[in-house]
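Dear colleague,

I am passing on the structure we spoke about, together with some notes on what was found in it. Please have the sequence and the coordinates open while you read.

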Amino acid sequence: AVLDLALLGCLGADEAYFRGGVIRCRDGSGKFTRDKLNDDFCDCPDGTDEPGTSACPEGKFYCQNAGHSPITIFSSRVNDGICDCCDGSDEYDSNVTCKNTCWEAGKAAREKLKKKVATYKSGAIIRNQEVQKAKVAFAKDEAELTKLKGEEKILQGLVDKLKEQKRLIEKAEEEERIRKEQEEKRMKEAAEKQATEEKKTSDASQEVDSQETHANVQEDESKVDAHHDGHATGHENQTPESESSVEQHDPERQDDISTKAGPGDESPAKETSAAPTKEQESTPADAEGLSREELGRLVASRWTGEKVDEVSKDDKNEHESEHDMPEPSEETHEDESDVPEPAEDSYSGYHSEVEDDRHKYDDEDFSHESEDEYADDHDEHVGSYKSDDDQKGDDHSDLTASGQASWLDKIQQTVQNVLQAFNFFKTPVNLSEASRVRKEYDDASSKLSKIQSRISTLTDKLKHDFGKEKEFYYFYDQCFESKEGKYVYKVCPFKKASQVEGHSTTSLGRWDKFEESYRVMQFSNGDRCWNGPDRSLKVRLRCGLSNELNGVEEPSRCEYVAVLSTPALCVEEKLKELEQKLEGMSLNQRGHDEL
Amino acid sequence: WKKDEFRNCNQTPFCKRARTRAPHSLDAPLSLDAASLAVSPDGSLTAALSHPSRPRPLLLRLSALPPHALRLQIDEDYSSNTPPHRRFHVPDVLLPDVEARTLHLSEPKTAGGVSTFALSSDVDVVVKHDPFELTVRRAGSGDPVLSFNSHGLFDFEPLQESKPEGETWEEHFRSHTDTRPRGPQSITFDVSFYGADFVYGLPEHGSTSLALRPSRGPGVEESEPYRLFNLDVFEYLHESPFGLYGSIPFMIAHGDGASSGFFWLNAAEMQIDVLAPGWDGSTSTENGQIDTLWMAEAGVVDAFFFVGSEPKDVIKQYISVTGTPSMPQQFAVAYHQCRWNYRDEEDVAGVDSGFDEHDIPYDVLWLDIEHTDGKRYFTWDRSAFPNPEEMQRKIADKGRKMVTIVDPHIKRDSSFHLHEEATAKGYYVKDATGKDFDGWCWPGASSYPDMLNPEIREWWADKFSYENYKGSTPTLYIWNDMNEPSVFNGPEVTMPRDAIHYGDVEHRELHNAYGYYFHMATADGLLKRGEGKDRPFVLSRAFFAGSQRYGAVWTGDNSADWDHLKSSIPMVLTLGLTGMTFSGADIGGFFGNPEPDLLVRWYQVGAFYPFFRGHAHHDTRRREPWLFGERRTALMREAIHMRYSLLPYYYTLFREASVTGVPVLRPLWLEFPDDKETYNNGEAFMVGPGLLAQGIYEDGQKSVSVYLPGKELWYNLRNGSPYKGSVLHKLEVSEDSIPSFQRAGTIVPRKDRFRRSSTQMLNDPYTLVIALNSSSAAEGELYVDDGKSYDYQQGAFIHRRFVFADNKLTSMNIAPKNLGNKKFSTECVIERIIILGLSSGSKTAIVEPGNQEVEIELGPISLRSGLSSVAPTVRKPNVRVVDDWTIRIA
């Protein structure tokens, strides 16, 4: 091929632009004569006149790369002694000779692209199936919600009626009671002095009650203390294992421990409790109490923000609870066990609301009539599992079961009967009828609250953005895991993300939103880092045949990133784009073959 | 900042004692024994200083160093009545030929208890005998320049044989005990500067003021002297007289028409008061006299009086005894990217390609302590860096370098060969009981090689060979941190003063120089590694007088706030005045997350620092320049590009510094010594003689007042607009750049093609920017060499002076002949000459030789798009920079 110096580095399609005798700078800033095209002097600040040299700082150089894909590079790369274009065209006047590697590179790139296209193809099929199913399931959820709302309305009506009935009964009962009381009063009037003495006795008994309550509280506190001692021992031994072994001694209490000991749970409390400790530290008296080694660790921890007994900065991801303690020392640690244990409070703050819902359902006495529909669906997803709160899907199944109409009818019928049967004007109140009303009221309002809670669960779920085609619908009930070193990372889309080490869990964030047109899942406002931001996680999604989480990293302190492969990202348009690119590369290749 | 952890003057007995003493109130003032005064065979003047109540006389020595420096030495007399110990003389700081350069003094004239002798033809020295007092004065007028002990505060605590009954020499601070087995030995004296409006120098302190504010006397509220004691201060204050990482006991005084300097070579803790007028109760407000009080815990008097009289002369005089700054490699003058920490090889590759993707040049990628295997320096964490050579090679393929950190604390780990070797050889500093000192630093229990010992420095230097430092390659350079030394569990986070060094020297005596010796040993190591052909690059945090010979320093762990940005300029300027021109502050601030606007401003200011590096603490968010949106990326790219385009100018200035010591970044008064308006301007600065920049130090600042000194015009660097000199201009602040100007009468060489790194700019053509003065003249220089070797010492460089006069630009060779037989050549040409202030409507220029006609057209002052064409530009003269030529404007 003949090298046309004047047209060097310009895109083939642009050649026409440079045909005239006087050429305009593309940004309109001026014009130049054709002899100044590629004359190695910048006349247009935007680089129009120097497509083939490094003269303009804003210029771009086009390399054809026959056999591979053409690319455009910054003009600063032209003749800089580094081969950037695989055809070597960017180094036409420098002290290096670039081999044309487009053939091999192109071949490799095409192979890679072919594989990618294949993945996209299969992925797109899976995706389409999922989307279809998701749409059905979503519609079903919506239908259920509509239905539940209808039922709620009816049931609310019944409950209101029963409540009114109950109120009337109670009113009647109250009137009766007052009447009786007044009678008794009159009878007792004679013995009034005696009554005063009785009052004294009752005071004494109240005192006994309050003492009992106090004892209970103390017992709770000592439990907490015991746990803390175990924790401190772990630190003294300086091995995380010893800490977990302490916990394992008492498997029955594991749940209790893991929630209480979880650094995520404790961190807010530590921060508040550690603040005054920090003050103390700066006083000479405090530092003087330290051994020389402790002092060294303490001072080092200022720079590292780490727990004193882990002064070395090796551990990039050490136990997070240690980050959360500003400049702690063994002493401050001891102090903390005196601080009222706030774990219970933070517990509710930490766990998602979904889990709280679960507890409500756990108390239910529903008969488990049917249907494991959701569970069946979930089994299809590879590398993931149902999120914790799935169990409740079973619990509320009776609400969505096919037989549901009958229970509503039944309840309506029963209430009707009760209401009709009851006679307000009969005095005294018929006790058995009153208790039936009460029972029916309790039953109905319990059903109502179940329905309401199911409605709220469904509403919570459906308010989420599941993607343009609901392709992320099934993410709602799934979590994805990845093990990196000693940590297990858990990502539950639309809910939360966490880092688990043994029994301690650190929140990396609560669900925030999709970003970059559904290519990134953002989790924000995780547990706070000492001297750093609240933890957060960005999960980058890419096309893959199954849902797989990997590559969790922490490029910036407490700002995590991860990659999730999923068929949901294998979109048709992208597939077409890749196919076109592959085709283009193949054409380019054939062009090369012809040469 | 933990104030309580550091001693103030009142908690420091020698300081408290000296500082509370009234002038002329000493119990045993020293007097000169006139009979002993004599010119010794080496040409110096010697005499005995004594007082009847003292156990022994002291020995005084006065010597003269050309040009215009007087050296005063006072020590115990070891020849008779031998004192129990030898006081410490700081070795290897003064240039080895200082003694040889000493002049032969003439016999002093003595009359009426006063002896006088000539220092030079126009300066003489007056010595008053009782009490001893010394004045350096101008011979003709008799005007004093500097004086010693004119307030009678000179005290020299003699070494004592044994502890007096009932006295304790121990000192306590917090939980630490200093055994002080040798007792009190401090030295105090007053020095006065005459004809001075301000004093400067004494790094390192956080300050937004360029001049040293008075530390004591009327009107001074917080009374604490300037402390020189190398310390690792966590979250240091941007405004405080307390000591930081380095110490240079050198002060410059400047006033209308006179400059002078004083340097005390002493590595012990020093405290210096700058006394406000009236501090001694005197009511006479003698104009232009500044009194100072100097206190040191130990050592001897080895002091230099520099007479000036121009401020640059004072710097040159100081440099003539402590040495010129080393000439850096070209890459080291470019942009450095650092973070604690780039985690692994993938991270390194990602950051490297991030710069390429955003077309932002950088030259050096840095690895902090996490790259090592458990903070064992010279090792790699092989899980994160399995192939360090391969990693460095990939970076080097783009012409870039890497830097790893090597600190002085060595992990006490029996499986660590370095520790085993140092232990076996007895190379560690010893504690007061004679055992290897065991302190706490990053690796945990650590010991510190005794860098005072030349043999140990030699041993340390060998550790940098490719053989010893596995995984190192020729493009790997070194960073010395924590070399104050930082000892986490030591008193004031450093080594106990009673630790023992080579030659039975106590740590208190050499503390401020420990980091200096460590820096020296490391730089020597790189020099050895490169067989003397590769200029070392070693960045150090601690420093002392003379550190300029070994590499660069930075201002340590600053914070991401506007005040720290503001204090960085006075701090860097002060370092430059005291020899350490190759310095800078961490861009963005080490601690904390800078607001994006602060980060952008910091890049715009930092792009002018001689040492230009972005760095961040590991708890901070990532802040590579492309992470804050397109607009801010463009602004930071522009700031970095500006620096790269000025690299030829900077390199030429580094050459000047390496010859004369005159710093790259200069206070305005160094260039305009007569302009009083400039004397305490710490917000603006000069880059060489030609450029002036004013930092923006406030968030959202809308306008800024910029004082442009001198009588000539100044041209805005971005758009070429002219501004009058000697005027305080109120300017609108733009987000594009900080206000920066070229001084009329100067020529600045640039390279306007932006490459990945400075390495690829080697063959790129030059742009000359000529700013004509009121006589339509200008001049400037260009220095070029191979950018890495020492061949320039044998003449392998190009040094041109460009002179524009009578409508003609001439390039002439100013390289001295006969330096050696090595040559440097380049095919580089000048592609563009921008002439600011050219009035004629000339269309052509004639290049000689060749009588070739080239076009002149209106062109932009900068090639960035969107800027209008404003200045006559000679298009493609394409003359080679190596040649003599003239270009005549037709």
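Counted over all chains, the structure, which is a predicted model, contains nine disulfides. Three of those in chain A are described here one after the other.

One of them connects A:Cys25 with A:Cys44, with an S to S distance of 2.0 Å, and since the torsion about its S-S bond is about -75°, the disulfide is left-handed. A:Cys25 sits in the loop between strand 1 (22–24) and strand 2 (31–33) of chain A, while A:Cys44 sits in the loop between strand 2 and strand 3 (60–63) of chain A, so this pair ties together parts that are 19 residues apart in sequence. As for exposure to solvent, A:Cys25 has a relative accessibility of 4% and therefore counts as buried, and A:Cys44, with a relative accessible area of 0%, is buried too.

A further disulfide joins A:Cys42 to A:Cys56, S to S 2.1 Å, and with 110° about the S-S bond this link is right-handed. A:Cys42 and A:Cys56 are each placed in the loop between strand 2 and strand 3 of chain A, 14 residues apart. A:Cys42 counts as buried at 6% relative accessibility, and A:Cys56 is buried with a relative accessible area of 1%.

The next pair is A:Cys83 and A:Cys98, whose sulfur atoms are 2.0 Å apart in a disulfide; here the torsion about the S-S bond is about -90°, so the disulfide is left-handed. A:Cys83 and A:Cys98 each lie in the loop between strand 4 (71–74) and helix 1 (102–188) of chain A, 15 residues apart. Are A:Cys83 and A:Cys98 buried or exposed? A:Cys83 counts as partly exposed, because its relative accessibility is 41%, and buried means under 20%, whereas A:Cys98, with a relative accessible area of 16%, is buried.

In chain B, two cysteines can be added to these notes: B:Cys338 counts as buried at 2% relative accessibility, and B:Cys828 is buried with a relative accessible area of 2%.

The other topic is the contact between the chains. How many residues from chain A and from chain B does the contact take? Chain A gives 52 residues and chain B gives 55 residues. The size of an interface is often given as the accessible area lost when the parts come together; for chain A and chain B this buried area is about 5,000 Å², with 47% of it on carbon and sulfur atoms.

Turning to the interactions across this interface, the rule finds 12 salt bridges between chain A and chain B. One of the salt bridges is formed by A:Asp39 with B:Arg875, where the closest N and O atoms are 3.0 Å apart. The polar contacts between chain A and chain B come to 26 residue pairs, with both residues at pLDDT 80 or more.

On the side of chain A that touches chain B, the elements that give two or more residues are helix 6 (284–288), helix 7 (292–304) and strand 12 (548–556) of chain A. Helix 7 of chain A supplies the largest share of that side, namely 10 residues. Sorted by character, the residues of the side of chain A that touches chain B are 18 nonpolar, 13 polar and 21 charged.

With best regards

How values were computed: Residues numbered from 1 in each chain as written. Chains lettered and ligands numbered in written order. Predicted model: local features only at pLDDT ≥ 70, side-chain atom pairs only at ≥ 80, totals over all residues. Heavy atoms only, no water. Disulfide = S-S within 2.5 Å. Helix = DSSP H or I, 4+ residues; strand = E, 2+ residues; numbered from the N terminus. Buried < 20%, exposed > 50% of the residue type's maximum accessible area, 1.4 Å probe, protein only. Contact = heavy atoms within 4.5 Å. Buried area = accessible area lost by both parts, 1.4 Å probe. Salt bridge = Lys/Arg side-chain N within 4 Å of Asp/Glu carboxyl O. Polar contact = N/O pair within 3.5 Å; in protein donor to acceptor, adjacent residues only side chain to side chain. Nonpolar A, V, L, I, M, F, W, Y, C, P; charged D, E, K, R; others polar.
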